[in-house]
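Biologist: Please show me the model, and then let me ask how each label in its description is earned.

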There are 2 protein chains.
Amino acid sequence: MPSEFDLIARYFSPRTTHTVLAGGDDAALIAPGAGMELAVSTDMLVGGRHFLEGADARGIGHKSLAVNLSDMAAMGAVPRWVTLSLALPAADEAWIAAFAEGFLDLAAEHRVDLVGGDTTRGPLNICVQIMGEVRAGSALRRSGARVGHQVWVSGTVGDAALGLAHLRGELALDPLEAEYLLARLERPAPRVALGQALLGVASSAIDISDGLVADLGHIAERSEVRARVEWEAIPLSGTAQARRAEPRVLRCALAGGDDYELCFTAPADRHDEVRAIAARLGLPLTRIGAIEAGAGVDVLDAHGKPMPLAQRGFDHFG
Amino acid sequence: MPSEFDLIARYFSPRTTHTVLAGGDDAALIAPGAGMELAVSTDMLVGGRHFLEGADARGIGHKSLAVNLSDMAAMGAVPRWVTLSLALPAADEAWIAAFAEGFLDLAAEHRVDLVGGDTTRGPLNICVQIMGEVRAGSALRRSGARVGHQVWVSGTVGDAALGLAHLRGELALDPLEAEYLLARLERPAPRVALGQALLGVASSAIDISDGLVADLGHIAERSEVRARVEWEAIPLSGTAQARRAEPRVLRCALAGGDDYELCFTAPADRHDEVRAIAARLGLPLTRIGAIEAGAGVDVLDAHGKPMPLAQRGFDHFG
C-alpha cells in the first residue's frame, strides 16, 4: 500500500514552466526577472477552522491555493511560484487525489509553478507559500489611501458568510441560491487580474478575508486615515440583496470573511479608469465610500447616520 | 489576556535589514540581487514526530529554523528571508516567548530576515519557508557526482540519533556525554558557511536529515552512480567512537537522521581545497568513500566487504 509520501509524489509531480529547478533537491531554484521584486505570502489552513471537517477535498485544495493567490492579487503581483506543505493523518489516496486536482487545476489556471514542499504525518494541516513578481516599487500596499480618495470593492460581499450560515443550518435557502453561495465559500475566485490592472491606478488595496470593515480598517490604520462607507452602496448578490434589511445580511456583508474580493482606494480623478477596468474584466467594481481625515471605519445608514456596529456584534472592531 | 495573535505580534515584530516590506500587508516584498537565483525550501514540523511533546520551546524554535538553514547550506545559498506559519493549541505566552527566542537568535546569527507568516489555532504545527540567494547557475545540486569523485562528510554523524536513544531511555550515558549528544539533537548547527565555501569545489551536496546512507543514496540516484563508503572512515564523536563496535552505533551513524551535517562529493583533484576549507572553517571534513559506476550505496567493512545492511534494520533502503 503506498504511503502518503508515495501518493504525494504521484499526484504532485512537478510540471513547471518557468522554474530553474523544482523537486528532488534540497531547495527549488527560481529566478525573478530583472527589476522585479518578489511578493511573498503564506497561509496555513487547519481542519475545523478554515474548512469544515469532512469538506470536499477538491474544494480544500482549491481554497488553500486561492487564499494565497488572493494575497498576490492584493499586492498587484503576478503569482509565479508556490510551495505546499501538508500534514496528513493518513495515506488516503482518494482524498490526496481530489485535493491535488483542486490545487493543481487552479495553479494551472493562473500559470503558477508548484516548486517544492514537505509532507509529514500529523493532524491535517495545509501550509502554502506563494511568491509573485511585481515591478520594483510598484506593488499595491495598504498604506497609500489619502483624504479624498474613493473606496471601492469588487464583486459582492457577504456571500461566503451566508453560505457558511446555510451549511450550519442557520439559514434556509432554495437550492440554487445555496449552490451559488456555497461555491463562493468553497471555491473563491481570487481577483488576480484585477490586482494587476489596478497597478498605477489604486492608491491602496487589501483582500477581504476577515470581513469588509475589518480589512478596510487595516487600510485606514496603515494609511492613518478614516474610511467612510455607505451601507446602501455596498454590493450584494441577489440572495443577500433580497434580504438586505435582515441583521444577518448586514453582519455577513460587513464582517463576513472569506469572500476574497478586493477592497481598494483610488484618487477621485481615476474614477473613469476604474470603471474601464471593471468593463474590461467583466467584474463589477462599486464605489462604496470615501477616505476622510481621522481613524477607523464608519458605516453610514440610508440617512447618513453612523451605524452602531458595536451593538450588532461588532465589538471586536471597537 | 492576550491572544496567540497578540503574542506572536509582540514576540515576532519584524526587525529586518535587507527587505523592502515585511509584515502588515498582504505580502512581504523582497528583492534578490541582479544575477542571483533564489533557493526556496520549506519544512513542516509536527509535535511528536520532529520533536518530543513537551520539549524545550527554545530548542524547537531553534530547530525549526535550523533544518531550513541546512537546506540552504546544501545548495550553497546565502539564507536571506524566512516566513513562519504556526498552528498553536493555546495562547501560552511562556512557550511563544521561548520559541521566538530560539528562532530569532538563530535568524540573527545568520542575518536572516523574518518577513511574514501566519498564525492559527490548531494542533501544534510549525511551517517554515526559507529563501536564499545563489549566483545563477552555481547552486550545489544532488545530481553532479561523477565516477572517481570523492565522498566527504562534515563533522560527525549519528550524534542526534544517539541523543534521541538516550532521551528514550534506551542508552545509558554519563551526564557530559548526554549533554553533548542532546545539544546535537536539539540545537543542530546548520553548515551554512560550508555550503557557500563548497561552491565551485563540490560536485554535489545534500544535508543529512534522513541518515547518511539514505541521503547519500539520493545523490547516487540523482547522479546515476554508485557511492562506496568505508565504515571505518566515517567520523564519529567521542562517545560513538568508543562504542564503534556496537550495532546501535552503526545504526545511528548510517541511518540516524537529524545531524544536519553536509555530505558532498568533489573531484579528486580538489582534495587539497576541501582540506583548506576545513582548516579555514575549523570544521572537520572527512573523506569517507568514492563514486563508482552503478547504483545505490555500498558500505564496506574493515576487510573491504560490503556490510549486509538489510540484515541490520536497513530494509527500507533495499
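Modeller: A good place to begin is Arg270(B), which has a relative accessible area of 22%. Buried means under 20% relative accessible area, exposed over 50%, and partly exposed in between (1.4 Å probe, protein chains only), so Arg270(B) counts as partly exposed. This is a predicted model, in which local features need pLDDT of at least 70 and side-chain atom pairs count only at pLDDT 80 or more, while totals for chains, interfaces and linings use all residues. Residues are numbered from 1 along each chain as its sequence is written, chains are lettered from A and ligands numbered from 1 in the order in which they are written, and side-chain values use heavy atoms, with hydrogens and water left out.

Biologist: What makes the pair of Glu273(B) and Arg270(B) a salt bridge?

Modeller: A salt bridge is a side-chain nitrogen of Lys or Arg within 4 Å of a carboxyl oxygen of Asp or Glu. Between the side chains of Glu273(B) and Arg270(B) the N to O distance is 2.6 Å, so this pair satisfies the rule. Glu273(B), with a relative accessible area of 35%, is partly exposed.

Biologist: How do you know that Asp298(A) and Arg226(A) tie together parts that are apart in sequence?

Modeller: Their side chains meet in a salt bridge of 3.9 Å, N to O. Asp298(A) lies in strand E11 (residues 296–300) of chain A and Arg226(A) in strand E8 of chain A, so the parts that they tie together are 72 residues apart in sequence. Here strands (E, at least two residues) and helices (H or I, at least four) are DSSP runs, numbered from the N terminus. Asp298(A), at 27% relative accessibility, is partly exposed, and Arg226(A), at 26%, is partly exposed as well.

Biologist: Are Asp259(B) and Arg184(B) buried or exposed?

Modeller: Both Asp259(B) and Arg184(B) are buried, and they form a salt bridge whose closest N and O atoms are 3.9 Å apart.

Biologist: Why is the positive phi of Tyr260(B) worth a remark?

Modeller: Most residues other than glycine have a negative phi. Tyr260(B), however, has a phi near 60°, and this residue lies in the loop between helix H9 (247–255) and E9 of chain B. Because its relative accessible area is 7%, Tyr260(B) is called buried. Glu224(A) also has a positive phi, of about 60°, but at 68% relative accessibility Glu224(A) counts as exposed.

Biologist: Why are E7(B) and E9(B) said to pair?

Modeller: Two strands pair if DSSP finds at least two bridges between them. E7(B) and E9(B) have four bridges in the antiparallel sense, so they are a pair, and within it Ala205(B) has Phe264(B) as its bridge partner. Three bridges join E1(A) to strand E2 (residues 36–46) of chain B, again antiparallel, and there Leu29(A) stands opposite Ala39(B).

Biologist: How many residues does each chain bring to the contact?

Modeller: Contact means heavy atoms within 4.5 Å, and by that rule chain A and chain B bring 50 residues each. Buried area is the accessible area (1.4 Å probe) that two parts lose on being put together, summed over both, and for these chains it comes to about 4,100 Å², 55% of it on carbon and sulfur atoms. Four salt bridges are found across this interface, and Arg142(B) and Asp26(A) meet in a salt bridge of 3.3 Å, N to O.
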